[in-house]
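Please look through the sequence and the structure shown here before reading the report.

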Amino acid sequence: MTTPNTPGPTPSQTVGPFYGYALPFTGGGEIAPTGHPDTVTLHGRVFDGEGRPVPDALLEFWQSAPDGSRAGAPGSLRRDPVNAVVLGRHGVDFTGFGRVATDADGHWAVRTLQPHRSAPYLSICVFARGLLHHLYTRAYLPDHEPDALLTSLPVERRATLLARQERTGVYGFDIRLQGGTTEETVFLDFH
């Protein structure tokens with residue numbers, strides 16, 4: 001409750017498109033160690049409600065390691081010692097975290113390892129112009145047993161969370177921000 005002398009909370013504001021300024025970093029999509037033999041690529045596009053690509057979205061990814069750990073690799077991000085500019089990852093450790101911007105065609109890509117069967121998905125956070133709050137979703141890679149969330153969804157909605165295998169080690173996963181002419185991706189609500 002606010003009084004005439006006490007300001008209330010500031011309402012959410014539409015943000016962006018300015019994510020490309022400071023948040024993406026070199027190697028942001030390289031979640032797996034460089035040259036790891038079990039690396040897989042997950043890629044796709046972000047579409048708006050009209051089915052048009054979103055050229056300035058930012059996506060963050062989190063996942064468990066193949067052994068089930070969720071700690072990532074602290075200290076794997078390198079910075080220039082003089083000006084603190086991010087130089088990129090050191091390329092040795094599995095980080096469990098990635099951040100990428102979409103390109104002019106709404107495309108994005110990450111290189112990672114298969115998640116553990118206890119959490120058979122990559123968690124994705126979507127930031128984009130026009131969104132007052134970021135959105136959360138999941139990408140489930142094939143060849144994993146579905147978890148409770150996935151099995152709780154109707155089959156047609158479940159399909160929006162399933163990555164499709166394009167060839168060995170390469171999976172496609174598009175994110176649709178609204179229904180419009182196409183099927184909206186299932187988004188999760190966290191409180």
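The report below goes from the overall make-up of the chain to its sheet, its other strand pairs, a loop and a pocket.

## Overall make-up

The model is a predicted one. Its chain has 191 residues, of which 40% count as buried, and its secondary structure comes to two helices and eleven strands. Read from the N terminus on, the elements run β-β-β-β-β-β-β-β-α-α-β-β-β, with the two helices placed between a run of eight strands and a run of three.

## The four-stranded sheet

Four strands form an open sheet in the order β5-β2-β7-β8, and the pairing in it is antiparallel. The edge strands are β5, residues 97-101, and β8, residues 135-140, each of which pairs on one side only. On average, neighbouring strands of this sheet are turned by 25 degrees against each other, when direction is ignored. In general, the strands of a sheet pair through backbone hydrogen bonds, in either a parallel or an antiparallel way.

Strand β7, which spans residues 121-127, pairs with β8 in the antiparallel sense over six bridges, and strand β2, residues 58-62, pairs with β7 in the antiparallel sense over five bridges. Val126 can be followed across both of these pairings, since Leu59 stands opposite Val126 in β7, while in β8 the bridge partner of Val126 is Leu135. Cys125 in turn stands opposite Tyr136 in β8. Strand β7 is also mostly covered, with six of its seven residues buried.

## An aromatic pair between β2 and β5

A search of the whole structure finds three aromatic pairs. One of them is formed by Trp62 and Phe97, which are tilted, with 5.9 Å from centre to centre and 45 degrees between the planes. This pair links distant parts of the chain, for Trp62 is in strand β2 and Phe97 is in strand β5, 35 residues apart.

Are the two partners buried or exposed? Trp62 counts as partly exposed because its relative accessibility is 34%, and Phe97 also counts as partly exposed because its value is 21%, where the cut-off for a buried residue is under 20%.

## Strand β6 and its partner β1

Strand β1, residues 40-47, is joined to β6 by six bridges, and the two strands run antiparallel. Within this pairing, the bridge partner of Leu42 is Val110 in β6.

In a regular strand the side chains alternate between the two faces of the sheet. Such an alternation is present along strand β6, residues 107-112, where Trp108, Val110 and Thr112 point to one face and are buried, whereas His107, Ala109 and Arg111 point to the other face and are not buried. Val110, the bridge partner of Leu42, therefore belongs to the buried face of β6.

## The hairpin of β9 and β10

Strand β9, residues 164-167, and strand β10, residues 170-172, pair in the antiparallel sense over three bridges, and Arg164 stands opposite Gly172 in β10. The hairpin has two residues between its strands, and Gly169 takes a positive phi near 80 degrees in it.

## The loop between β8 and α1

Asp143 is found in the loop between β8 and α1, the latter being residues 148-152. Phi of Asp143 is near 70 degrees, a positive value in a residue other than glycine. Most residues other than glycine have a negative phi. Asp143 counts as exposed because its relative accessible area is 72%, where the cut-off for exposed is over 50%.

Pro146 has its place in the loop between β8 and α1 as well, and Pro146 is partly exposed, with a relative accessible area of 44%. The C-alpha atom of Pro146 is separated by 9.0 Å from that of Arg117, although the two residues are 29 residues apart along the chain.

## The largest pocket

Which residues line the largest pocket? The lining consists of Asp48, Gly49, Pro53, Val54, Ala128, Arg129, Gly130, Leu131, Leu177 and Gln178. The volume of the largest pocket is about 150 Å³, and the residues of its lining divide into five nonpolar, three polar and two charged.

Terms used
Residues are numbered from 1 along each chain as its sequence is written. Side-chain values use heavy atoms; hydrogens and water are left out. Two strands pair if DSSP finds at least two bridges between them. Axes are lines fitted to C-alpha atoms, for helices over the stretch in contact, and angles run from 0 to 180 degrees between N-to-C directions. On a 1 Å grid over the protein atoms alone, a cavity is a set of points where a 1.4 Å probe fits but cannot get out, and a pocket is an open set with protein on both sides within 12 Å along at least five of seven lines; lining residues have an atom within 4 Å of a point. Grid points are joined across faces, edges and corners, and a volume is the space filled by probe spheres set on the points. Ala, Val, Leu, Ile, Met, Phe, Trp, Tyr, Cys and Pro count as nonpolar, Asp, Glu, Lys and Arg as charged, and the others, Gly among them, as polar. Buried means under 20% relative accessible area, exposed over 50%, partly exposed in between (1.4 Å probe, protein chains only). Rings of Phe, Tyr and Trp (its six-membered ring) pair if their centres lie within 6.5 Å; planes under 30 degrees apart count as stacked, over 60 as edge-to-face and the rest as tilted.
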